[in-house]
Amino acid sequence: MTSSVEPAVTGAAAPRRASAAWDEMVTGQGRVRPAWQPLFAVLSEIGAAGIAARGERVRQQLEDDGITFNLYDPAEERRGRAAPARARPWVLDPLPLILAADEWAMIERGVVQRARLLDRVLADLYGPQRLLADRRYPPALVYGNPEFLRACRRRDAVPPGFFVQHYAADLARGPDGVWRVVGDRLQAPAGAAFAHHHRRVMARVMGEALRASRVRPLAGFFDGWTADLQARAASDRDNPCIAVLTPGPFNEAYVEHVSLARELGATLVEGSDLTARDGRIYLKTLGGLQQVDTILRRVDGAWCDPLELRADSGLGVVGLVDAARAGGVSVVNALGSGLVDAPALAAFLPRLAEHMLGEGLALPSIASWWCGERYACDAALERLESVALRSATAPGDRPVNGDELDAAARAAAIARVKADPGAYMAQERIVASLAPGQGTQGLQPQPVVLRVFATAVGGDYVVMPGGLARVPAGDDPLRVGLQQGGVNKDVWVVADDPTTTIVPARVAQPAIVIRRSLGELPSRSADDLFWLGRNVERLENGGRLLRAGLQRLVSGLAGARDIVEMATVMRVLARCGIVDLNLAAAPPDGPAVRHALIHAFAGGGLLDGALTAIERLAAASRDRFSVDMRRTLNHLLGELRGRLARFDGDPDRLLDLLDELVRLSAALAGLASENMTRGSGWRFLDLGRRIERGIYVARVVLGVGAIPTATWEAALRLALELCDSTITYRMRYLAALLDAPVLDLVVVDPSNPQSLGFQIAAIAGHLAALPIAPGAPDGRAASEAMRSLETIVTGLSAQARPMAPATLAGLRAALSAEERALMALSDSLTRAYFSHVPAARVVGAA
């Protein structure tokens, strides 16, 4: 593919010798640069051991905060499927990258200029397209780019800053000390929230160096970002609704999406949470539809609307393009802005800057050639050893370095380029600058690439006084994407005047009407919290059952009572789905039972599935939890997974693990009680726990009710143990175990948080407080079954003898009815509040 556009070659070749790399900390005369001297003094004071200790503190802090990066299948994610994601630890070096005030001013000026330029380029390419008509930019790089969204063409003029609300640029400093742009990021640039979190961690771990270096703060950047998002609101409401559109918890940067929503005071949503009505976008909540004014998208543009864009997308909102076109919602960055992420654009930016801004680029790009022009293609192939071949339009494609190719691969690469030259571009490879970092052998020089962020504020752009520095994979600046892995660094920008403190301007706040609404929780979030509660309770109940069985196995089944109790535990475990049903009839002291108990956490089992579900749902609900709740959950789940990984089949170690499991549930219950407002989120979390615990108590009493009457006392003792009510019973009665008081405490007592009656009363209170919804359950069946149980238990005589067979049969029937009612209640809640699907009805003759 060729073009009549004038051949574009930008930048200058840079030497590739490692010895030629620019040293960020030390000058050519071996002196520490002034901006680095405060940090160098601290490092000299704490020594190698102190640096290693600080690095461990950084790692532990990130682990406690749950800062991870997911590995996933992007193709599956974009189709909306639950692709399995593996959390990768986020690595932060305890040593920052430090930039002096004067060199930062140059970077700042260049980044603002590029943001303005790219905004104007997009306004033209999606508008009058004069750049194409005047042959200043090749049509092949527009119409041949899948990120050019034809549905987003505009006939009306747009104001400056319409397309580019926020922007990121990847920079590398060459051996000549000049910062060059490696790549422009407008699609959904990641890293700003990570950078802010880095600063919080470094303030704790390297606080003395941070203060001595007079580092500029980052908070004002996010205040300005929030103000601009509010100013772009499609409606004139005083308190507009801002939403951060995320692909979901399986996305690689979901943790950052949660943090970004918190920083900006926005609601984190997925495509399924939104709906289009009459040219506007609404958030589906428990209390109805809530209008969304501004969407900060973290989803690639082509996947945002399956109606007008990619039909195979499961991430977008049907009708979003039409709503944005009609002005019913503001989408930032504008749909289609990923067009200028194309690597080949770098070859044309210098002349475009002269044409559209009347000035040269303050920040040059690395030398680039678009192979669609014959002369540029020949120049690139002639110097293949010193360039990297890249896709001309896909910034995420992995570059191919010419000096890494053998003869056959080189010939094949040249053949591919010549067969379709317009699809390729070449970029000069440079040696990135070196900064000190913590390595396996102590401090060592590491190549760094800097990602800088800008946002629109007040009609122009403001640059974050910091950023995200990365040690690129394979020391190659062109392989700097977050998907490539690597080590991260905080970026410290030194204030130019030691006597001046830069205070961000106060953002004007509109008047807000006080409200205490319970219905603004998205249905998806309610679903996640409900099942988080159920799975946490399911894990605790399974842990209590396993612990009861293991304690008896470890102690030895010495008598008939022990064997009966062990058989009952296995019966309840089987009824709860934790062990195979056939084991309920197996010899309690046999090898099959022992193996089943010890390996109950094996992969694929119910308990392993519950733990995996808790990890997934806790991650999906991060935006609903306080910092303390997140850290506690991350710590306990990490400890539990660590113990499982180290488990070697020793029953004693398994008992320790089960104790840790029970503590996890207790910690979540305590944190939810003290840290969550009594809104719909807390109610659905607690509803899940109450329903699961009610089902568990019913199954326990049904299981122990099958014990022969000759060992009835063992049945009562086991019921108290499995329902964690032994101490309460002893404090109340100080006597032998009798039917009436035990069943009253375990089944009926509304003051015992472990009893079935307590769960039913709590469920009724939650149902009454939930927003009204079509088909919402009232819990009547569960309450009626509870009244039957109360009648049976109240009629028992307080005598030391087993109950009559007819009474026992009635008790079992009422417990079975309660179990069925609770499971049906869970289904009804799902239909009414989560899936919004009406209950099935039979039509016509049976």
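Start with the largest cavity, which holds about 130 Å³ of space. A cavity here is a set of points on a 1 Å grid over the protein atoms alone where a 1.4 Å probe fits but cannot get out, and its volume is the space filled by probe spheres set on those points, with points joined across faces, edges and corners. To find the spot, select Val182, Gly183, Asp184, Asp341 and Pro343, the closest to the centre among the 16 residues that line this cavity. Lining residues have an atom within 4 Å of a point. Now colour strand E6 (residues 179–185): with 5 residues, E6 gives the largest share of the lining. Across the whole structure, a search finds 7 cavities of 30 Å³ or more.

Before you move on, bear in mind that this is a predicted model, where local features need pLDDT of at least 70 and side-chain atom pairs count only at pLDDT 80 or more, while totals for chains, interfaces and linings use all residues. Residues are numbered from 1 along each chain as its sequence is written, and side-chain values use heavy atoms, leaving out hydrogens and water.

Next stop: a sheet. Strands are DSSP runs (E, at least two residues) and helices are too (H or I, at least four), numbered from the N terminus; two strands pair if DSSP finds at least two bridges between them. Show E8, E7, E12 and E13, and you have an open sheet of 4 strands in that order, with parallel pairing. Strands E8 (267–269) and E13 (330–332) are at the edges with a single partner strand each, so one side of each has no neighbour in the sheet. In the middle, zoom in on E7 (residues 242–245) and E12 (residues 294–297), joined by 4 bridges. Leu245 is a handy marker, as it stands opposite Arg297 in E12.

Now jump to strand E17 (residues 424–428). Is E17 largely enclosed or left open? Buried means under 20% relative accessible area, exposed over 50%, and partly exposed in between (1.4 Å probe, protein chains only). In E17, 4 of the 5 residues are buried, so the strand is largely enclosed by the rest of the structure. Add E14 (residues 368–370), which pairs with E17 in the antiparallel sense over 3 bridges, and E15 (residues 387–391), which runs antiparallel to E17 and is joined to it by 5 bridges. Click on Gln427 in E17: Ser368 stands opposite it, and so does Ala388.

Time for some rings. Phe, Tyr and Trp rings (the six-membered one for Trp) pair if their centres lie within 6.5 Å, with planes under 30 degrees apart called stacked, over 60 edge-to-face and the rest tilted. Select Tyr126, Tyr143, Phe148, Phe162 and Phe163, a cluster linked by ring pairs. Within the cluster, Phe162 and Phe163 are edge-to-face, 5.1 Å centre to centre with 80° between the planes. Phe162 is partly exposed at 27% relative accessibility, whereas Phe163 is buried at 2%.

Then pick Phe684 and Tyr833, an edge-to-face pair at 5.5 Å and 70°. Phe684 lies in helix H20 (residues 680–704) and Tyr833 in helix H26 (residues 805–834), so the pair ties together parts that are 149 residues apart in sequence. Both are buried, Phe684 at 0% and Tyr833 at 3%.

For the last stop, find Arg678, which lies over the face of Trp682, 4.3 Å from the ring centre. This counts when NZ of Lys or CZ of Arg is within 6 Å of the ring centre and within 35 degrees of the ring normal.

Key:
1 Å grid on protein atoms, 1.4 Å probe; cavity = no way out; pocket = protein on both sides within 12 Å on 5 of 7 lines; lining within 4 Å.
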